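Got the viewer open? Load the model, and we'll walk through it one selection at a time.

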Amino acid sequence: DLLVALGTSAAYGLSLYLLLAHAQHGAPHLYFEASATVVTLVLLGRWLEGRAKRQTTDAIRALNALAPTTARVRRDGAELDLPVDELRVGDLVVVRPGERVAVDGQVLEGRSHVDESLITGESLPVAKGEGDAVTGGSLNAEGLLLVRTGAVGAETTLARIIRMVESAQAAKAPIQRIVDRVSAVFVPVVLGIALVTFGGWLAWSGDVAQAVINAVSVLVIACPCALGLATPTAIMVGTGVAARHGILIKDAQALELAHAVTVVAFDKTGTLTEGRPALAALEPAAGVARAELLRLAAALQQASTHPLALAVLERASAEGLAVPPAAGAKALPGRGVEGSVDGQTIVLGSTRLVQELGVAPGALADAAARLQAQGRTVSWLLRRDGAAAELLGLLAFGDSVKATARQAVARLHELGIRTVMLTGDNPGAAAAVGRELGIDDVRAEVLPGDKAAVVEALGRAGEVVAFAGDGLNDGPALAAAAVGFAMADGADVATEAAGITLMRGDLRLVADSLDVSRRTYAKIKQGLFWAFGYNVLGIPLAAAGVLSPVIAGAAMAASSVSVVTNALTLRRWRGSTGADAPPRTAQPAQAAAA
């Protein structure tokens, strides 16, 4: 602004002087139109630039549009429409088909599907029923839900997302601070060049008007607007498009550092794996059908809420087995459970129970040893007849790998990034998971407190390390890493320590985060290149008298608009988890019909 103001004022002042000095001696060449045209072009460029910059905040506007202003609340048996600001924790909120959920809370009654696409990036509606958590701003589909309020106002997930995105867009990236220092010395240097241009032309031609016009051209074309726009516009677009895909970037520094990551270290339990036991293997004894083994085991576990029992029942349900009732089921403390199924006494228990009953594993011994070496928990199913017992088979339990983990690791390898897994498991179990996922480096028997030390050691070895974790004990490692990734459903300390939060447990978002960071940084470098290149080329041409102030003003405005427009092309970015999901606005009648 200073350079443009000085230039146009100088041209206007020169014209005014010439007009007054030569009023009686014919009409001199005046430059009023040049000053006016330069100002007009600059203002036009600012308008185009402002219009383009407003598009960088589309993500914030889209998130703000999700928040309902009123909610239907059930109090004392009556339903009232109240402003959201008047809701309290514990209020019962009625969410009808086609409406947006007004609060964070838990479903008490009803079943439906909820569209959480603009919050988590998950494109498919998620089934919700009694006991499930819902997030304010999500869109209810076909069912009526009664939700107990858990958080309102600034404490809701949506409000926290908006604050995080706004904070990231407002923060200055490290490279921007360098640009600011360059800009601070740029203006005095340009003023010096303009004075040299004025003096040189005056000495060479003796024409004051020509010397002033060429100096004005230098001042106008050197306006560092494009230089100042290159970084913040790319940061705003990058954080906005990432938020639409379920990637929340806490600050601009995390976005900038992520482009240089060379190693991603993963916590295993709850990050690479589901964090809950699943039935990993069924090994029936000779003469016993696999389905029969699972059916009898599920019958014994029907009355239990133990995680291993739930894993057996979940598998039996998934395979469509009819599970018979078990009579007289009782726990055998520290050993297992026993009951009568179809008139037979069936026992499901540990290796210790098998040893106490004097039953030899026989041909299943090798399978049991192999599964235990992989870190699986082995249980045995037996049929008892008095003092005698017959082995029916074994069941192995383990923490199942997330469905997207293998794709995530493969995608990181495509980006040229090495992967490391940190786990407290024994080497055999850790190596099995590492082989299954294609992890480059597996570190077993790592205590929770030692994860940060491993991350720091990788950093000292010259690596730029990112760490992905979700647990309470992952906080130090997340803080030690150059970039930390936390799962939104993990511990609060993890999300606080991490620079990037993934709104759903899809590990492909880790690779997507690094990809969008690389693309954003590329746009920053492109913008700075064009801004510097434009000045390096334009200033000498203006000083040489090749460019008039009008052309210089048009070129200066075009450079700013082009830098912003180039940054806006980031909005076309699509992650590996699917296309960008625009907000859906189902109408109540349509949703009910569906």
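Start with the whole surface: the protein exposes about 26,200 Å², and carbon and sulfur atoms supply 58% of it (Shrake-Rupley areas with a 1.4 Å probe; for residues, only the protein chains shown count as cover). Before zooming in, note that this is a predicted model, where local features need pLDDT of at least 70, side-chain atom pairs count only at pLDDT 80 or more, and totals for chains, interfaces and linings use all residues. Residues are numbered from 1 along each chain as its sequence is written, and side-chain values use heavy atoms, with hydrogens and water left out.

Switch to cartoon and you have 22 helices and 22 strands (DSSP runs numbered from the N terminus: H or I of at least four residues for helices, E of at least two for strands). Of the 594 residues, 48% count as buried (buried is under 20% relative accessible area, exposed over 50%, partly exposed in between, with a 1.4 Å probe and protein chains only). Among contacts (heavy atoms within 4.5 Å) between residues at least 6 apart in sequence, 68% join residues at least 24 apart.

First stop: select Arg96, in the loop between β3 (92–95) and β4 (104–109). Is Arg96 buried, exposed or partly exposed? Its relative accessibility is 33%, so Arg96 counts as partly exposed. Leaving aside neighbours within four places in sequence, Arg96 touches Arg72, Asn140, Gly143 and Leu144. Measure across to Leu139 too: 43 residues away in sequence, 9.9 Å away C-alpha to C-alpha.

Next, select 273–284 and 326–332, which are β12 and β13. They belong to an open, antiparallel sheet of 6 strands in the order β12-β17-β16-β15-β14-β13 (strands pair if DSSP finds at least two bridges between them). Both β12 and β13 stand at the edges with a single partner strand each, so one side of each has no neighbour in the sheet. Neighbouring strands here are turned by 20 degrees against each other on average, direction ignored (axes are lines fitted to C-alpha atoms, for helices over the stretch in contact, and angles run from 0 to 180 degrees between N-to-C directions). Inside the sheet, β14 (336–341) and β15 (344–349) run antiparallel and share 6 bridges; one to click on is Val341 with Gln344.

Now select helix α16 (427–437), where Ala429, Ala430, Ala432, Val433, Gly434 and Leu437 are buried. Their cover includes β17 (388–401), α15 (405–414) and β18 (418–422). Just after α16 comes Gly438, with a positive phi near 80 degrees.

Move on to strand β21 (483–487): 5 of its 5 residues are buried, so β21 is largely enclosed by the rest of the structure. Val483, Phe485 and Met487 point one way, Gly484 and Ala486 the other. Strand β20 (465–469) runs parallel to β21 over 4 bridges, with Gly469 opposite Ala486. Strand β22 (500–502) is also parallel to β21, over 3 bridges, and Leu502 is the bridge partner of Met487.

Last stop: show α20 (508–543) and α21 (549–568), whose axes come within 9 Å and cross at roughly 170 degrees. The two helices are therefore roughly antiparallel (over 145 degrees; under 35 is roughly parallel, 65 to 115 roughly perpendicular, the rest oblique). At the contact, Lys523, Gln526, Gly527 and Tyr534 of α20 meet α21 residues including Ala552, Met556 and Val563.
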